[in-house]
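Reader: Got a minute to walk through a structure with me? I'd like to start with one residue and then look at some packing.

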Amino acid sequence: MNTLTKLSLAVSLLLSGSALAQSTLIHNLKGYTLEQGKLTQFSAIAFSGDKINKIYRQAPSQLQTQSPKIRVIDAKGQTMLPGLIDAHGHVLGWGLNLIRVDLKGSESEQAAVARVEAFRKQNKDLNWILGRGWNQVLWPEKSFPTAKTLDKAFPDTPIWLRRVDGHAGWANSAAMKLAGIDTDTQAPSGGEIVRDDKGQPSGVFIDNAMALIEQQIPALTQAEQVRVLRAAMTDLARLGLTSVHDAGVGHNTLAAYRQLADDKQMPIRIYAMVAADDSQFDQILAKGPYRHPGSMLDISSVKISADGALGSRGAALLQDYSDLHGHKGLLLYKEDELKALMLKSMQAGFQVNTHAIGDRANKLVLDNYQSLIAKTHTKALRHRVEHAQILQLSDIPRFAELGVIASMQATHATSDMNMAEDRVGPQRIEGAYAWRKLLGSGAVIAAGSDFPIESANPFFGLHASVTRQDHANKPVQGWYPGEKMSLTESLNSFTHDAAYAAHQETQVGELLPGMKADFILLESDPFTMEPQQLWQTQVNQTWVNGKKVFDIESGR
């Protein structure tokens, strides 16, 4: 075959995806992808429209890189990875965080109030001040905040500040007054009103009790949700995310997503989980799973929360909390109600993704999956446990046995290591954040971050998976280092296995011919840098469907 024939064949391959779509060749790169869990390398990629045509293991010829019929891009040695997928985030929450008080890292209750005061000076027209991110575990007293500290600065303006995990909220007296909360107010099932030593509501509300305050906050209009979602997705693309599984979406937000998909205004893919507590949940189930023809929006799963979070002691445990005798956490539904909800969702043809953090909640959810999957014959739907955080050792093999996916967030381990063992003790901690034990049992781990509880930056998750350290490289050997993942395993959990968890592994998650052209370009090579530096990785470009949706040079 002569040189001209070779060039003609190359051009033919590039154009095969679509006769009308522009063909692109990106070369001079260090490319990595996964094939059946094994890492492979390539030096160039060709795609037409939204589909990959060819992966070049060796550098293409000079003639191929100078063809006038092909858009040729010199990557100048940058590293290419498949687009990263966050299997558990909250997109509206991420967008709202861009316009609300950020309390992450506040070092005391007073410091948190000071941030709210500073925010107020810049936003004087707001009727309510909302925020998120406080964590009393990081404060000197390690105790919940109170309304009194907020009241000194805000006697009249209602304030509502969610804890970092989203499972507790802090209100001032003005907010409680609007909600009609007083000494006689009773917490709903699955919730708790924290009280002072005189029995008065202190200002902190846990899990289902948060609704007492939140139902007073004016809802966003659909137009406002469209703007917030668009801003959030644009920002997530900046971080290298090409797809997100949005964990718990109400009907108004689903309508906003559909509008964005119809208007072709979605920079990244969204796999939306319908919130089981939404007022129109039954109506959404009755319509069945929905996949937008543009392939950017999929609504075929549901999100159910079985318990609360560990930090607020709302996670449901089989035995008492090690640091609070007589307390075992909270189930957010009665056991028969939870099972009925899971059954109804399966019968409607939806994948069931159930939040479970404590070992009691995980056991209950796995028990339900065991009986209900057999009853409904829905193993192929790949039901999931969201978080799978504190597990009995005997429950770990059940994930692979049942075909249930462990949807886990690595940065939860490095954020929780300052209190997790205090909560559950030295024995139960052996089954906590147990990535290596789960992988060893044959389980599929779909990685995410649970943003905005944690940062949405996927390289923070890759770093935590590989090192089990914080960004100061502590502890030196990593926290329970026996549970570390290799970088290849971690990348797989953020690509192929996250795609698998959304039934999308034939479209995204790997860079192979016929798959979507979703990829990112990086300044440095994660496979050659020190593992402790992974979290500092800089994304230069993000591409979705063969289109650039973020470029660091333009800032958008």
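Reader: First up, is Ala306 buried or exposed?

Author: Ala306 is buried, with a relative accessible area of 1%. Buried here means under 20% relative accessible area, exposed means over 50%, and partly exposed is in between, with a 1.4 Å probe and protein chains only. Keep in mind that this is a predicted model: local features need pLDDT of at least 70, side-chain atom pairs count only at pLDDT 80 or more, and totals for chains, interfaces and linings use all residues. Residues are numbered from 1 along each chain as its sequence is written, and side-chain values use heavy atoms, with hydrogens and water left out.

Reader: OK, and where does Ala306 sit?

Author: Ala306 is in the loop between strand E18 (297-305) and helix H10 (335-347). The labels come from DSSP runs numbered from the N terminus: helices are H or I with at least four residues, strands are E with at least two.

Reader: What does Ala306 touch, leaving aside neighbours within four places in sequence?

Author: Its contacts, meaning heavy atoms within 4.5 Å, are Leu330, Leu331, Leu332, Tyr333, Leu338, Thr354, His355, Ala361 and Val365. For Thr354, which is 48 residues away along the chain, the C-alpha atoms of the pair are separated by 6.6 Å.

Reader: Leu338 is in H10, right? What angle do H10 and H11 pack at?

Author: Yes, Leu338 is one of the H10 residues that meet H11. H10 and helix H11 (residues 359-376) pack at about 40°, with axes 10 Å apart. Axes are lines fitted to C-alpha atoms, for helices over the stretch in contact, and angles run from 0 to 180 degrees between N-to-C directions. That makes H10 oblique to H11. On this scale, angles under 35 degrees are roughly parallel, over 145 roughly antiparallel, 65 to 115 roughly perpendicular, and the rest oblique.

Reader: Which residues meet there, and what classes are they?

Author: From H10 you have Glu335, Leu338, Lys339, Met342, Leu343, Met346 and Gln347, while the H11 side includes Arg360, Leu364, Val365 and Tyr369. By class, the contact of H10 with H11 has nine nonpolar, four polar and four charged residues. Ala, Val, Leu, Ile, Met, Phe, Trp, Tyr, Cys and Pro count as nonpolar, Asp, Glu, Lys and Arg as charged, and the others, Gly among them, as polar.

Reader: Switching pairs: how do H7 and H8 pack?

Author: Helix H7 (residues 222-238) and helix H8 (residues 251-262) pack at about 65°, with their axes 9 Å apart. They are therefore roughly perpendicular to each other. The contact of H7 with H8 has seven nonpolar, five polar and one charged residues.

Reader: And H16 against H17, what's the angle there?

Author: Roughly 140°, with the axes of H16 and H17 coming within 9 Å. That makes H16 oblique to H17. The contact is made by Pro458, Gly461, Leu462, Ser465 and Val466 of H16 and Leu487, Ser490, Leu491 and Phe494 of H17. Those divide into six nonpolar, three polar and no charged.

Reader: Now the backbone. Which peptide bonds are cis?

Author: One is the bond from Phe451 to Pro452, with omega near 5°. Pro452 is in the loop between strand E22 (445-448) and helix H16 (458-467). Another joins Lys474 and Pro475, with omega about -10°, and Pro475 is in the loop between H16 and helix H17 (487-494). For background, most residues other than glycine have a negative phi, and most peptide bonds are trans.

Reader: What's phi at Lys76 and at His387?

Author: Lys76 has a positive phi, near 55°, and His387 has a positive phi too, near 95°. Lys76 lies in the loop between strand E6 (71-74) and strand E7 (79-82), and at 70% relative accessibility it counts as exposed. His387 lies in strand E20 (residues 384-387) and is buried, with a relative accessible area of 4%.

Reader: Last one: what order do the strands take in the sheet with E6?

Author: The order is E5-E4-E1-E6, an open sheet of four strands with mixed pairing. Strand E5 (51-56) and E6 are the edge strands, each pairing on one side only. Two strands pair if DSSP finds at least two bridges between them. Strand E4 (residues 44-48) and E5 pair in the antiparallel sense over five bridges, and Ala46 has Lys54 in E5 as its bridge partner.
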